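Trainee: I would like a close look at a single part of this protein, taken slowly. Please start with the overall layout and then stay with the part you choose.

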Amino acid sequence: MNRRHLMLSLLLLAALALGPQVHGRRGRARTKSRSRMQIGLPVTGKYRDPESDQYYNHNGGAKIIQASHFDYEYTLGHKISFVCVAKGTPRPQITWFKDGVELYAHLYQTVHEYILDKEHIKSKLEIDPATQMDAGVYECSADNMYSIDRRSFKTDFSIIFD
């Protein structure tokens with residue numbers, strides 16, 4: 001068993017042993033921003049051992065290099081389009097989500113993928129015609145064996161009166 005698996009096993013055992021004594025808290029956290037410690041990142045930005053640092057900061061990790069604008073207002077009955085371009089070695093896969101649920105193509109929603117070269121991929125999500133139900137938070141997620149990168153897009157509709 002390698003060192004990483006051993007550490008994860010020890011953490012799991014500790015969590016199970018302390019489980020009944022830990023009391024959860026409902027609602028938002030009291031602080032306005034999350035520090036590096038709260039989200040599990042090292043304070044220095046480096047990891048304790050070189051293997052972890054090399055794994056999590058790998059040069060070939062998936063990175064989204066171009067994405068649609070964050071806040072998007074669409075007109076009912078018109079087309080909505082979102083674009084994500086990602087790079088990585090190996091070339092990442094792009095997956096689309098709406099309100100945290102993975103999207104699959106259907107009659108009014110299509111995903112086009114374009115392989116640009118051995119490291120780059122472009123994905124375009126189109127919804128045509130857009131309805132009130134299409135409002136929400138969309139997300140593209142690029143991942144390969146080294147990392148995951150995500151971008152979110154908030155959408156809401158507008159009504160045009162003649």
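Mentor: What follows is a short overview and then a walk through the open sheet and the side chains around it. The model is predicted. The protein contains two helices and nine strands, and along the sequence these elements come in the pattern α-α-β-β-β-β-β-β-β-β-β. Of its 162 residues, 25% are classed as buried. The protein exposes about 12,400 Å², and carbon and sulfur atoms supply 56% of that area. Among contacts with a separation of 6 or more, 61% are between residues 24 or more positions apart.

The part to look at is an open sheet of five strands, in the order β2-β9-β8-β4-β5, with mixed pairing. Its edges are β2 (71-75) and β5 (101-102), each of which pairs on one side only. Strands of a sheet pair through backbone hydrogen bonds, in either a parallel or an antiparallel sense. Within this sheet, β4 (residues 93-98) and β8 (residues 136-143) run antiparallel and are joined by six bridges. One place to find this pairing is W96, whose bridge partner in β8 is C140.

Next, the aromatic side chains. The structure holds six aromatic pairs. One of them is Y74 with F157: the ring centres are 6.4 Å apart and the planes meet at 55°, so the pair is tilted. It links distant parts of the chain, with Y74 in strand β2 and F157 in strand β9, 83 residues apart. The two partners are covered to differing degrees: Y74 is buried at 2% relative accessible area, whereas F157 is partly exposed at 27%. F82 and W96 form another tilted pair, with 6.5 Å from centre to centre and 35° between the planes. F82 lies in strand β3 (residues 80-87) and W96 in strand β4, so this pair ties together parts 14 residues apart in sequence. Both F82 and W96 are buried. These two rings also belong to one aromatic cluster made up of Y72, F82, W96, Y138 and F153. A separate ring, that of F97, has the charged end of R150 sitting over it, 5.9 Å from the ring centre.

Strand β9 (residues 148-158) also carries D149. Is this acidic residue buried or exposed? D149 has a relative accessible area of 17%; the limit for buried is under 20%, so D149 counts as buried. A polar atom of the D149 side chain lies 2.7 Å from the backbone nitrogen of I64. Leaving aside residues up to four places away in sequence, D149 touches A62, K63, I64, C140, S141 and A142. C140 in that list is also the bridge partner of W96.

The last stop is the loop between β8 and β9, where N144 is found. N144 counts as buried, at 13% relative accessibility. Its side chain has a polar atom 2.8 Å from the backbone oxygen of G60, and a polar atom of the N144 side chain also lies 2.9 Å from the backbone nitrogen of Y146. Beyond residues up to four places away in sequence, N144 touches G60, G61, A62, G88, T89, P90 and P92. A62 is thus touched by N144 as well as by D149.

Technical notes
Residues numbered from 1 in each chain as written. Predicted model: local features only at pLDDT ≥ 70, side-chain atom pairs only at ≥ 80, totals over all residues. Heavy atoms only, no water. Helix = DSSP H or I, 4+ residues; strand = E, 2+ residues; numbered from the N terminus. Buried < 20%, exposed > 50% of the residue type's maximum accessible area, 1.4 Å probe, protein only. Contact = heavy atoms within 4.5 Å. Areas by Shrake-Rupley, 256 points an atom, 1.4 Å probe, with all protein chains shown as cover. Polar contact = N/O pair within 3.5 Å; in protein donor to acceptor, adjacent residues only side chain to side chain. Pairing = 2+ DSSP bridges. Phe/Tyr/Trp six-rings, centres within 6.5 Å; stacked < 30°, edge-to-face > 60°. Lys NZ or Arg CZ within 6 Å of the ring centre and 35° of its normal.
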